[in-house]
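Here is a short tour of how some side chains pair up, and how some don't. Take a look at the sequence and the model first.

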Amino acid sequence: MLRKLLTYHLANINNFVKRSIIIEKNERNLVTQMKSMNNNKQFKKALQLFDEHNNNNTNTDQMSNLVFTQVLKSCTGLRDFQRGTKIHSIVSNRLNKDSYLLTSLIHFYMQCNQVRQAEELFNMIKEKTLPMFGALMKGYITNHQANKVITLFDQIDHPDETIYILVLNACAQLKTNQALILTKQIVNIVQDKLQSNSYLSTSLLDALAKCGDMVEAERLFHSLVNKISPMHGALMKGYIENQMENKVIEHFKHIEKPSESVLTLFFNACAQLKTDEALNLIKKTSKTISKSFSLNSRLLTSLLDALVKCGDLNYAQNLFDQLPQKTLSMYKVMINGYLKENNSFKILNLFSEMKLKHIEIDHIIWTSIIKALAYIGDLELSKSIVEQMPESCLIDNQIHNALIHMWGKSGCVDGAEKIFKKISQPNTIGYAAMINAYGLNGQGLKAIELYEQVPDEFINEATYICILNACSHAGLVNKALLIFNKIEMKTERIYTVMIDCLSRSFFFIEAQQLINEYESSHLPSAPMYLALLSAARNAKNHHLSQEIYNRMKKHFPQLSDSITSAAILLSNVYGSVGDMEKVSEIRTKLNPSGAKKKIGLSWTVIDGQVYEFRAHDQSHPQSKEIYDEIEKISNELVQHGHQYDSSWITRPINQDETVSSVLCGHSERLAIAWNFVAKPNTSRIQLGKNLRICGDCHSAIKLIANIRQCEIVVRDANRIHHFFKNGQCSCNNFF
């Protein structure tokens, strides 16, 4: 709208009658052609035409001001500051005689963000015209200096409608009570012009809405006879900015032929609502969108975003796949959607697609790619993709922190340290990420050493959680207690981590005392009980487990997810001591509620390809070879003294199963076997797992690493286990 207003102000520059300069026919044709190109935003072509003409006419001093006005317009469109200043030097001695040329120069400097030069030009003028005020005002708005527009407005004795529109645009940018007061004053002044000037009435709607007075904005909207699309848009924007998204939906239903911008606002409102009703409306509306809108990337991006945020990623993916032209923004929407679902494999597929289509990847998408790699946690895959990052991204602090986290989650502490040392002044996130990297990989003492170096201003809840977790994973209970006792503001999460630390080392009495301490001044917390119950399961303490479960049912009857998790843990405890009757009883109670145990998954990367396994998985095309390798490994384990621990079987064994076949069918065993099938002489295997590794698998993998002389890195739901070739694990059995 502002661009149209400026065009309105500058339109008179081509009025040959009012200009005192008489120009030749060829120059008149040049001005006409350049004006047409500029109006169509063909600024480069306009300058090329000027250069061709200039080459044939060596004396630019004799060229008319009309030509230079068009040249300045082209320079403004291209933000070509260097060329524009050259034109300024050529016409400097003409400025006091031509207000149109001077206005064009003010506009040029403002749009090139050279506010001071524009102000200097404006201030040297003795007789200021309204277009000059308008050019300066528009520049202030462009440069986010709306307060100066209000100050300038006070200097104008007889403002026209265009000036009022610019002031209203400034008020919309300011969003203050004073701006609202001024907006209402203007409403009263221009009341008789609202029906005839749609730009003015739309700007008033926008200012009222953005200043927070939706009642007055609605009153004005309903008073207007001819309602055009920008008016609908201004009201809908106001609803969105004032968290009234439901009103956007209701308003949209009454618009017969919504424009592209109105559809975009509708989708934006639906994305904010995130309801099933909004999702149904999005789908219904998307089917009626005109084919002419299908090339509007902004509209399609908002549609994808709304579908993703309303929870139908599959529908969004189907739509995305059908689009002939995909933009960077569209990829961002899809990547963010998959990031929230922890579907890192889909993100990497999109990344590969972007690379094939030569779509430039910005630092925001690189950050998401790094987060996806952190979730997968494969060192070689991370290396291969990070190597493709441009140097320009590696100076970004957000990417530094993401890389530290990624290397830590990939089991590469050295890589995390290398990035951390490059940061001249780490922030809170950087320190926490590095401490967490040490903790995940069982290097608790290094985590403590770094924690003691963190400046006080960079320590927050996340820092405390990371260092206490690091102590927990290394069995450094006394160190953890020293840190915990010094924390002044202990949050629920901090208490939970400390309880987890005590429980992992089987200090159950102390852990329960800490729960009691917390509950003396707070409501009970389910995560604290789950931490205690998880450790009791590892200790095969069914009496304590039952007691904790009973307390949870009493305290949290409404938290079905927490109660389900607790019931599954309790069932596992009874299974570990061989009480299958109790296991069946608990699981029978879970079935009617529809509660399901989380499916265990393991994944591994071989030659850049990700392979995923479930327990007893038969879906791999080389399943026979995998199970043959499983049998071979099992025989080697038994020969080296491994005894399968049936206490880690938490369900009744079927007639066609044995203890060894059940345990050897765990997803991590299948992933390891596939690595040996694919690369028989491999010296390093890495895999991820979405659940905690079981005790029998932990003992078996230590032995496999020793027998096969192959380092095996397993990241489970809690930590990273480095199984060394000497048969030891980095966790020292604190898992």
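Buried means under 20% relative accessible area, exposed means over 50%, and partly exposed is in between (1.4 Å probe, protein chains only). By that yardstick Cys-729 is buried, at 6% relative accessibility, and Cys-466 is buried too, at 12%.

A quick word on the ground rules: this is a predicted model, where local features need pLDDT of at least 70 and side-chain atom pairs count only at pLDDT 80 or more, while totals for chains, interfaces and linings use all residues. Residues are numbered from 1 along each chain as its sequence is written, and side-chain values use heavy atoms, leaving out hydrogens and water.

So how many disulfides are there? With a disulfide taken as a pair of cysteine sulfur atoms within 2.5 Å, the count is zero. The sulfur of Cys-729 has its closest cysteine sulfur in Cys-731, 3.5 Å away, which is too far for a bond. For Cys-466 the closest one is in Cys-471, at 11 Å, again too far.

Salt bridges are another story: the whole structure has 27. Each is a side-chain nitrogen of Lys or Arg within 4 Å of a carboxyl oxygen of Asp or Glu. Among them are these:

| Pair | N to O distance |
|---|---|
| Glu-216 and Arg-219 | 2.8 Å |
| Lys-247 and Glu-218 | 3.0 Å |

The second pair links distant parts of the chain, with Lys-247 in helix α15 (residues 245-252) and Glu-218 in helix α13, 29 residues apart. Helices here are DSSP runs (H or I, at least four residues), and strands are runs of E (at least two), numbered from the N terminus. Glu-218 is buried at 18%, whereas Lys-247 is partly exposed at 37%.
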